[in-house]
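Let's walk through this protein together, from its overall layout down to a few single residues. Keep the model open beside you as you read.

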Amino acid sequence: MSEATNIELNGVHHLALVCRDMEVTVDFYTNILGMPLIKGFDIPGGQHFFFDMGGNNLLAFFWFNDAPDAAPGVSSAAHLLGTGRISSGHGSMNHVAFDAPMDKIEAIREELIGKGVDVSDVINHADISTQPGILRTTKEVEEETWLRSIYFLDPDGIMLEYCANVKGGTGDVSLPVNADGVKADGKGLDGD
Ligand SMILES: [Fe+2]
């Protein structure tokens, strides 16, 4: 039974992040990533700037004059994907993935490297159930490859990703775990 709702799902209007130096952030997102800066204004104790990330979506940044320092592993991912655990604190923003055309992912990587950004290898994500000894990521595109991604950090250590769909996923959904990591069927994580 479907109920009437006024809640429409229209994608992201803006995602708001926090930077240490707005000048550096503006330089990175406009000159390295090519996002037009479409709005920027002062607020009491800070600034609020908006970049156009395409697809009618905005990436916003705050600068606060009382912001604490970055805390990798708490406020943001502990490591760049592929170099260590990417865990971060409850309620944190772990990473942002920008949609990339499938045939451009390698070229985007080369261009970013040419602009001095430290970018991961292209990581191919397999659409498989997690099992001990079976990797969800592969170096080459395989039959099971679902997404292709590259990862890098912005000037504040915010993990960014360009992600290209290779094919539609299977739609498999694991049971969610509770705060103790236990599922409704009493089991823990697959693969553990
Ligand atoms: Fe991702």
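The paragraphs below start with the whole chain, then move to the domains, the sheet, the cores and one loop residue.

Please keep in mind that this is a predicted model. The protein has 192 residues, of which 14% count as buried. Its C-alpha atoms fill a box of roughly 50 × 45 × 35 Å along the principal axes. If you trace the secondary structure, you will find 2 helices and 9 strands, and from the N terminus on they follow the order β-α-β-β-β-β-α-β-β-β-β. Among contacts with a separation of 6 or more, 45% come from residues 24 or more positions apart.

Now zoom out a little and look at the domains. The protein is divided into domain 1, residues 12-65, and domain 2, residues 77-171. Taken over C-alpha atoms, the centres of domain 1 and domain 2 are separated by 22 Å. Where do they touch? On one side, 10 residues of domain 1 are in contact with 10 residues of domain 2. Within domain 1, β1 (14-18) and α1 (22-32) each supply at least two residues of the side that touches domain 2. The largest share of that side comes from α1, with 4 residues. By character, the residues on this side of domain 1 divide into 7 nonpolar, 2 polar and 1 charged.

Next, turn to the open sheet of 5 strands, whose order is β5-β9-β8-β6-β7, with mixed pairing. Which strands stand at the edges? They are β5 (95-99) and β7 (137-138); each has a single partner strand, so one side of each is left without a neighbour in the sheet. The partnership of β5 with β9 (residues 159-165) is parallel and runs over 5 bridges. One place to look is D99, whose bridge partner in β9 is C163. Packing on the sheet is helix α2 (residues 105-114), which touches β8 (145-153) and β9, and its direction makes about 10 degrees with that of β8.

Strand β9 also pairs with β8, this time antiparallel, through 7 bridges. Here F152 stands opposite L160 in β9. The hairpin of β8 and β9 has 5 residues between the strands, and in it G157 takes a positive phi near 85 degrees.

The strands of this hairpin come up again in the interior. The largest nonpolar core has 9 residues: A77, A100, I150, Y151, F152, I158, M159, L160 and Y162. The elements giving two or more residues to this core are β8 and β9. Y151 is a good residue to select in your viewer: leaving aside its neighbours within four places in sequence, Y151 is in contact with L80, L81, G82, S120, M159 and E161. Apart from this core lies another one, of 6 residues, among them F28, Y29, L33 and L59.

To finish, find G116 in the loop between α2 and β6 (123-126). Is G116 buried or exposed? It has 7 C-beta neighbours inside 10 Å, and a residue with 12 or fewer counts as exposed, so G116 falls in the exposed class. For a sense of distance, G116 and N57 are 59 residues apart in sequence and 26 Å apart in space, C-alpha to C-alpha.

How values were computed: Residues are numbered from 1 along each chain as its sequence is written. This is a predicted model: local features need pLDDT of at least 70, side-chain atom pairs count only at pLDDT 80 or more; totals for chains, interfaces and linings use all residues. Two strands pair if DSSP finds at least two bridges between them. Two residues are in contact if their C-beta atoms, placed from the backbone, lie within 7 Å. Axes are lines fitted to C-alpha atoms, for helices over the stretch in contact, and angles run from 0 to 180 degrees between N-to-C directions. Domain bounds come from an automatic or database domain assignment. Ala, Val, Leu, Ile, Met, Phe, Trp, Tyr, Cys and Pro count as nonpolar, Asp, Glu, Lys and Arg as charged, and the others, Gly among them, as polar. A nonpolar core is a set of buried Ala, Val, Leu, Ile, Met, Phe, Trp, Tyr and Cys residues joined through C-beta atoms within 7 Å. A residue is buried if 20 or more other C-beta atoms lie within 10 Å of its own, exposed if 12 or fewer, and partly exposed in between; C-beta atoms are placed from the backbone.
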